[in-house]
Amino acid sequence: MDMLTLSRLRCSVRDYASRNVEKEKLEYVLEAARLAPSAVNFQPWFFVVIKGEEGCNHIRQCYDREWFRSAPMYILVCADHRFSWVRKSDGKDHADIDVAIATEHICLAAAEKELGTCWVCNFDTDLCKQLFNLPNGVEPVVIVPIGYPKEPEVFVSTPKRRKAFNEIVKWESF
């Protein structure tokens, strides 16, 4: 599948079937994240795969929404600030950018394998750090619920509302 087709198919899924994700598919998705580019190739990410009743109950405490409970598993994407690149000119820590790239690799690879995902950033990060015993310097940034969509046709029936090309691109000739 080409990149534009995959980008058009990927959407936020908020209703999951109870079917488990095969280990091979999960490893494929995580390998795509591992291969993501990062500033100075520092790879300041850390992934916590959450499945099973106890782990899922913990992550659901951090983001208490009904739809979120339908996911069979989650990937907690963390920024490891101990290993991130910081731009010298202004002190900008690029961990969030690097983690965002890896997260979208997860979402695109999952869509390719007919798995649904959704970026969740509005959660209790302090509780998450505590429940998953994250070390100092490791910040939970995104929770990605992952699983088979309850309605698989979501991949072909979800229209994308996007700005027009000419609204977001400026061609400059110096």
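User: Which residues line the largest pocket, and how should I read the term?

Analyst: A pocket is found on a 1 Å grid over the protein atoms alone, as an open set of points where a 1.4 Å probe fits, with protein on both sides within 12 Å along at least five of seven lines, and lining residues have an atom within 4 Å of a point. In this predicted model, local features need pLDDT of at least 70 and side-chain atom pairs count only at pLDDT 80 or more, whereas totals for chains, interfaces and linings use all residues. Residues are numbered from 1 along each chain as its sequence is written, and side-chain values use heavy atoms, with hydrogens and water left out. Here the lining consists of Met1, Leu9, Arg19, Ala111, Glu112, Glu114, Tyr148, Pro149, Pro152, Phe155 and Val156, and α4 and α6 are the elements that give two or more residues to it; helices (H or I, at least four residues) and strands (E, at least two) are DSSP runs, numbered from the N terminus.

User: How many of the lining residues are nonpolar, and how many charged?

Analyst: With Pro counted as nonpolar and Asp, Glu, Lys and Arg as charged, the lining divides into eight nonpolar, no polar and three charged residues.

User: How are the strands of the sheet ordered?

Analyst: Strands of a sheet pair through backbone hydrogen bonds, either parallel or antiparallel, and two strands count as paired if DSSP finds at least two bridges between them. In this model, four strands form an open sheet in the order β1-β2-β4-β3, with antiparallel pairing. Because β1 and β3 (116-117) stand at the edges with a single partner strand each, one side of each is left without a neighbour in the sheet. Six bridges join β1 to β2, and phenylalanine 46 has cysteine 78 in β2 as its bridge partner.
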